[in-house]
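Biologist: I am new to this structure and would like to go through it slowly, one question at a time. Could we look at it together?

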Amino acid sequence: MSAQQPNQTITQRLANPTRFMALSATLLPWLWGAAAILIAYGLFLAFFRAPPDYQQGETVKIMFIHVPSAWLAMGGYLLIAISSFGLLVFRHPLADVSAKAAAPLGATFTALALITGSLWGKPMWGTYWVWDARLTSVLILFFLYLGLMALRSSIEEETLAAKLTAILALVGVTILPIIKFSVDWWNTLHQPASVVRLGGAAIHPSILVPLLVMAAGFTVLFVAMHMKAMRNEIMRRRIKAMTMAEIERQSMAAPVSAPASASVSGKAT
Amino acid sequence: MSLGPHAAFIWISYLATALAVGVLLAWLFWDGRRHERRLADLEARGARRRSPGKTISPD
């Protein structure tokens, strides 16, 4: 089974961690570069080209980081849910690596969505926080991220931790449609959808274009960070496997070998 | 470039984002370098990922 099967899908081909490490090493410099260029261009558009909003004035500039952060907060969780599905149903070797790597990234962008939203809310609504459906559901999403990380770190057996975390992630995915449609289902202080909605975006192109450029930059940055985090996790698992194998080798060698022949792998650590 | 009466809110938002992303990137690169060094060290000592008792299936 050493030869690559001709009709493998891309996820099957990437199931090999060694192949993933090689591919990601090639892709990462391009992704970092693309993210830097897009975000730099987005910031230029945001600060030097986008006009102040007729109602919100210059505070509309907070939208250029708030909205991409909010999208990535939800996108990150969707990625975890898809990865969890891949782990539980297909037992994809990289699925759990992907889910674990995405959690701290998603949690960070969710925190950023909450912080920047709060800083936008104060001058616009007169308050940093209100318990309306959109804000509360995003806060629950943040707690879900924390819960996933806490659950995983509380279980020592990694296979069990992966499965339980995946189940929680799939149960928690119900929060995503609640966040998305909260502004339609309930009366909220938060404004309704103005970019992704039926009938097209309700934002003038002079503000929409910088927003989309920043969103593209943030998304590429997220992809690059996720890939880097996956590489780190694969290396961590390899280190753990090598350390365990070395300990096992040393414990097998110890009872039978005389002290003078104990040169299995240099010094015992 | 004047950001109006709410400039502080705008600057704090951007600074918080830059700080969070910066910390995340620093952690990712620090963690990656730490693992690379540890892996290189283990490989230099001849460590393998499988214990000697386990054989690899030929297929």
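Modeller: Before we begin, a salt bridge is a side-chain nitrogen of Lys or Arg within 4 Å of a carboxyl oxygen of Asp or Glu. Please keep in mind that this is a predicted model.

Biologist: Which residue meets K100(A) in a salt bridge?

Modeller: The N to O distance of this pair is 3.3 Å, and the cut-off is 4 Å. K100(A) lies in helix α4 (residues 95-125) of chain A and its partner in helix α8 (residues 205-256) of chain A, so the pair ties together parts that are 133 residues apart in sequence. The side chain that meets K100(A) is that of E233(A).

Biologist: How many salt bridges does the rule find across the interface of chain B and chain A, and which side chains meet in a salt bridge there?

Modeller: A search of the whole structure finds 12 salt bridges over all chains. Across the interface of chain B and chain A, the rule finds 1 salt bridge. With 3.0 Å from N to O, the side chains that meet are those of E246(A) and R45(B).

Biologist: Which three residues of chain B supply more of the area that chain B buries against chain A than any other three?

Modeller: The contact takes 44 residues from chain A and 37 residues from chain B. About 3800 Å² is buried between the two chains, and carbon and sulfur atoms give 75% of this area. Of the area that chain B buries against chain A, 18% is supplied by Y14(B), R45(B) and R49(B).

Biologist: Within chain A, is helix α5 roughly parallel or roughly antiparallel to helix α7?

Modeller: The axes of α5(A), residues 133-154, and α7(A), residues 175-185, come within 8 Å and cross at roughly 160 degrees. Because angles over 145 degrees count as roughly antiparallel, that crossing makes α5(A) relative to α7(A) roughly antiparallel.

Biologist: How many nonpolar residues does the contact of α5(A) with α7(A) have?

Modeller: Residues of α5(A), including V138(A), I140(A) and L141(A), meet residues of α7(A), among them I175(A), L176(A) and K180(A). By class, this contact has 2 charged and 2 polar residues, and the nonpolar ones number 10.

Biologist: Where α3(A) meets α5(A), how many charged residues does the contact have?

Modeller: The axes of helix α3 (residues 63-90) of chain A and α5(A) come within 11 Å and cross at roughly 40 degrees, which means that α3(A) is oblique to α5(A). L72(A), G76(A) and Y77(A) are among the α3(A) residues that meet α5(A), where the partners include L144(A) and L148(A). The residues of this contact divide into 9 nonpolar and 1 polar, and the charged ones number none.

Notes: Residues numbered from 1 in each chain as written. Chains lettered and ligands numbered in written order. Predicted model: local features only at pLDDT ≥ 70, side-chain atom pairs only at ≥ 80, totals over all residues. Heavy atoms only, no water. Axes fitted to C-alpha atoms, helices over the stretch in contact; angles between N-to-C directions. Helix = DSSP H or I, 4+ residues; strand = E, 2+ residues; numbered from the N terminus. Parallel < 35°, antiparallel > 145°, perpendicular 65-115°, else oblique. Contact = heavy atoms within 4.5 Å. Nonpolar A, V, L, I, M, F, W, Y, C, P; charged D, E, K, R; others polar. Buried area = accessible area lost by both parts, 1.4 Å probe.
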